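Work through the exercises below with the model open beside you. Each task is followed by its solution in steps.

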Amino acid sequence: MYEPDNDDAASLIHYLLYLGDNALVLSQRNSAWCGHGPVLEQDIAITNISLDLIGQARSFYQYAASLEGKEVTEDTLAYLRGERAYYNCLLLELPNGDWGHTILRQFFFSVFQQQLYKQLLPSKDSTIAAIAEKSLKEVAYHVRWSSEWVIRLGDGTEESQARMEKALVALWAYTGEFFQPAEYELAAAREGIGPVVAALQPGWWQQVQEVLAEATLQAPEQGKTWMQTGGKTGRHTEHMGYLLAEMQYLQRAYPGATW
Amino acid sequence: MSVQELEQLFQAKVDQEIKIEPKDWMPDAYRKTLVRQISQHAHSEIVGMLPEGNWISRAPTLKRKAILLAKVQDEAGHGLYLYSAVETLGTTRNQTIEDLHSGKAKYSSIFNYPTLTWADIGAVGWLVDGAAILNQVMLCRTSYGPYARAMVRICKEESFHQRQGFDILLQLSQGTPEQKAMCQDAINRWWWPSLMMFGPKDGESTHSDQSMTWKIKRKSNDELRQQFVDMIVEQAKILHMTLPDPELKWNEARGHYDFGEIDWVEFWNVVKGNGPCNKERLQARRDAWEEGAWVREAAAAHAAKRKDRQAQQVA
């Protein structure tokens, strides 16, 4: 059984927050589609993904809270941290844009999440491994669903293709961050808790390329785009403050109340 | 067989509690009434997602957020079953949805009221879903088979919805003074609109008599409303909250609670489109539909391309 010392514990908590924040922030974004989707079946599907992600976030936060002890709970972690203490990738906090943007973001992220969670299965930390195992079933569906939609929209009408091309341009620069490790990811890799994230890139790229090709979309040239980073260390886009202000409103307005 | 004989046969089946199925002969007016009622019900599920959806992004805990998301998603599922039930009567989902967007079809007026605070999510679950359940439990025995079966599935989920609404209010009722006030305020605002959900008084309801004969409906508006009042008054005691009606009083002789008169002027105004959110709700549905048009077109175009390619491969 893996037992962290103090520094390692802090780093592990950061790592768990990173994993949880990715899931929560994308869940929050996707949930805005609930009741507004382009067709009822897909309204249900995106809400389902949102639900899966919030479930994953809760698992990571609950574990982090148990390590922190004291008065910390999944909700204090989600609702009482400011934007500088959130570690999600920037891609996930970007506004939804149209359905094409939302789909493409989901696709990029789900493929990444699948690669990452697979590598968390052999984690020395058995709780993380268990969360990854449970979540992988969900993520497999997210990958399938979002891939199918990328293909449908890329290889659909002229308009849908143009919209997907636009989404590609807009979102591509935010995909590099997945593979640029933060300090806590390097520590996790050293301890055998998580993978070397840079090593996930080729597998991700392979899968993304295949789907983009089937979608008749031009894959961006590798290494040509300046990649935006910062989210993993708490340096976010301007959108993040509004996302949290909305999400955290009740907990901030009524400190200490139970809901 | 003459139409009269067919009608007699139809009514005999209804009287013997044999369900009417899609391929059975049915009077045109029965079909029309069902299409109107089931599509109105479907639209209510879909439009009903909006006032509750309004609080998904701001739900106060992760657990509440997950429950609310699941609940609103259930409503979408209910809409799907019901649109399918309408399709068994020969009206396509697209046609039914167009009728909503054009204003021709109605949905439950309750969703034209705003959800102003988190407590409203509790009040909607407790009162609005509570009222809806009484109607839906009755509809589980409605004479049209596909509608009755859809209702059985829906009722199972709705009772969970009502409990979660009550649970939100229960928590608030035991909370800080601000939370208690929030709880009472939401109940005050949702009580009368909830009573309105059962529709006009029995004497003034246009479709009621025929629907009872056809066993589409099995209880009158006023019967259901009374049942609702009797149920809610007892539950309100657990919350230590009051209902905003000075005339509310137990009537020993009737064995029911007496209650005050609904503001029928408000009722008819909201029905006619003058409620606080009528325009926003319909606009939100139209926007979702119009902004999603390119997605539906792309999906259709892609499916057609696939089919062509497969046909070519076979050839």
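**Exercise 1. The interface between the chains**

Task: Count the salt bridges between chain A and chain B, then describe the side of chain A that touches chain B by element and by class.

Solution.

Step 1. The count between chain A and chain B is four salt bridges, in what is a predicted model. One pair to inspect is A:Glu214 with B:Arg306, whose closest N and O atoms are 3.2 Å apart.

Step 2. Polar contacts come next: 19 residue pairs across the interface of chain A and chain B satisfy the rule, both residues being at pLDDT 80 or more.

Step 3. Now assign the chain A side to elements. Eight helices of chain A, H1, H2, H3, H5, H6, H7, H10 and H11, each supply at least two residues of the side that touches chain B. H2(A) gives the largest share, eleven residues.

Step 4. Sorted by class, this side of chain A has 21 nonpolar, 14 polar and twelve charged residues.

Step 5. For the extent of the interface, 47 residues of chain A are in contact with 48 residues of chain B. The area buried between the two chains is about 4,000 Å², and carbon and sulfur atoms give 66% of that area. On the chain A side, the residues that lose the most area to chain B are A:Leu40, A:Asp155 and A:Trp259, together 18% of what that side buries.

**Exercise 2. A helix of chain B**

Task: Compare the span of helix H10 (residues 221-239) of chain B with the expected value, and find what covers its buried residues.

Solution.

Step 1. H10(B) has 19 residues, and the distance from its first C-alpha to its last is 27 Å. The expected span at 1.5 Å a residue is 27 Å, so the helix is close to expectation, given that the expected span is 1.5 Å times one less than the number of residues.

Step 2. List the residues of H10(B) that fall under 20% relative accessible area. Buried residues include B:Leu224, B:Phe228, B:Ile232, B:Ala236 and B:Leu239.

Step 3. To read such a list, recall that residues three or four places apart point the same way, because an α-helix has 3.6 residues a turn.

Step 4. The cover over the buried residues of H10(B) includes helices H6, H7, H8, H9 and H11 and strand S2 of chain B.

Step 5. Just after H10(B), B:His240 takes a positive phi of about 55 degrees.

**Exercise 3. Salt bridges within the chains**

Task: The structure holds 24 salt bridges over all chains. For the pairs A:Arg81 with A:Asp21, B:Arg149 with B:Glu21 and B:Lys71 with B:Glu52, state where the partners lie and whether they are buried or partly exposed.

Solution.

Step 1. The closest N and O atoms of A:Arg81 and A:Asp21 are 2.7 Å apart. A:Arg81 sits in the loop between H3 and H4 of chain A and A:Asp21 in H1 of chain A, 60 residues apart. Both A:Arg81 and A:Asp21 are buried.

Step 2. B:Arg149 and B:Glu21 meet at 2.9 Å, N to O. B:Arg149 belongs to H7 of chain B, and B:Glu21 to the loop between H1 and H2 of chain B, 128 residues apart. Relative accessible area is 46% for B:Arg149, which is partly exposed, and 24% for B:Glu21, also partly exposed.

Step 3. B:Lys71 and B:Glu52 meet at 2.3 Å, N to O. B:Lys71 lies in H4 of chain B and B:Glu52 in H3 of chain B, so this pair ties together parts 19 residues apart in sequence. B:Lys71 and B:Glu52 are both buried.

Step 4. Finally, shared partners join A:Asp98, A:Glu159 and A:Arg163 into one network of salt bridges.

Conventions: Residues numbered from 1 in each chain as written. Chains lettered and ligands numbered in written order. Predicted model: local features only at pLDDT ≥ 70, side-chain atom pairs only at ≥ 80, totals over all residues. Heavy atoms only, no water. Contact = heavy atoms within 4.5 Å. Buried area = accessible area lost by both parts, 1.4 Å probe. Salt bridge = Lys/Arg side-chain N within 4 Å of Asp/Glu carboxyl O. Polar contact = N/O pair within 3.5 Å; in protein donor to acceptor, adjacent residues only side chain to side chain. Helix = DSSP H or I, 4+ residues; strand = E, 2+ residues; numbered from the N terminus. Nonpolar A, V, L, I, M, F, W, Y, C, P; charged D, E, K, R; others polar. Buried < 20%, exposed > 50% of the residue type's maximum accessible area, 1.4 Å probe, protein only.
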